[in-house]
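Here are my notes on the model, set out as numbered points. They begin with the chain as a whole and then turn to a single residue.

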Amino acid sequence: QVQLVESGGGLVEPGGSLRLSCAASGSMFSINVMGWYRQAPGKERELVADITSGGTTNYADSVKGRFTISRDNAKKTVYLQMNSLKPEDTAVYYCKVWFEVARGVGRIAWGQGTQVTVSS
């Protein structure tokens, strides 16, 4: 069974920074895309950023230039560096991983979520 363990959330003032981490463990043939989503109260979950195994990244327009996603394939870990945080970035952030349990057999796993609150 695959598990995702997230860390790094918390309370930060506007303009501040946080770094989220998500470590995957368990039996996986390969890990393809790793990504971060967020869900604010009363809103739907939305993509923040994702990154392929080859390092190609994709960002939501609202975070471009402020957030950076990266991954360490050896550690099966994805990171989200968040700079210039705004109150509207407040949400629960979820890690999502697309992986294969065997060649051509894909699965998805979600992390438990970590709260990010941006407030003065």
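1. In what order do the elements of the protein chain run from the N terminus on? The model is a predicted one, and in it the elements run β-β-β-β-β-β-β-β-β-β-β, with 11 strands and zero helices in the protein chain. The radius of gyration is 14 Å, close to the 14 Å that the globule rule gives for 120 residues, so the protein chain is as compact as a globular protein of that length.

2. As to extent and packing, the C-alpha trace spans about 45 × 25 × 25 Å along its principal axes, and 42% of the 120 residues count as buried. Of the contacts between residues at least 6 apart in sequence, 55% join residues at least 24 apart.

3. On the surface, the protein chain exposes about 6300 Å², of which carbon and sulfur atoms supply 47%. The chain carries 13 positive and 10 negative charges, and the mean positions of these two sets are 6 Å apart.

4. Turning to the single residue, T77 belongs to strand β8, which covers residues 77-82. Is T77 buried or exposed? Its relative accessibility is 7%, and because buried means under 20%, T77 counts as buried.

5. The surroundings of T77 deserve a look in the viewer. Leaving aside residues up to four places away in sequence, T77 touches C22, A23, M34, S70, R71 and D72, while its side chain reaches the backbone oxygen of K75 at 2.9 Å. E6 lies 71 residues from T77 in sequence, yet the C-alpha atoms of T77 and E6 are 9.5 Å apart in space.

Notes:
Residues numbered from 1 in each chain as written. Predicted model: local features only at pLDDT ≥ 70, side-chain atom pairs only at ≥ 80, totals over all residues. Heavy atoms only, no water. Helix = DSSP H or I, 4+ residues; strand = E, 2+ residues; numbered from the N terminus. Buried < 20%, exposed > 50% of the residue type's maximum accessible area, 1.4 Å probe, protein only. Contact = heavy atoms within 4.5 Å. Polar contact = N/O pair within 3.5 Å; in protein donor to acceptor, adjacent residues only side chain to side chain. Rg over C-alpha atoms; globule rule 2.2 N^0.38 Å. Areas by Shrake-Rupley, 256 points an atom, 1.4 Å probe, with all protein chains shown as cover. Lys, Arg positive; Asp, Glu negative; His and termini not counted. Charge placed at Lys NZ, Arg CZ, Asp CG, Glu CD.
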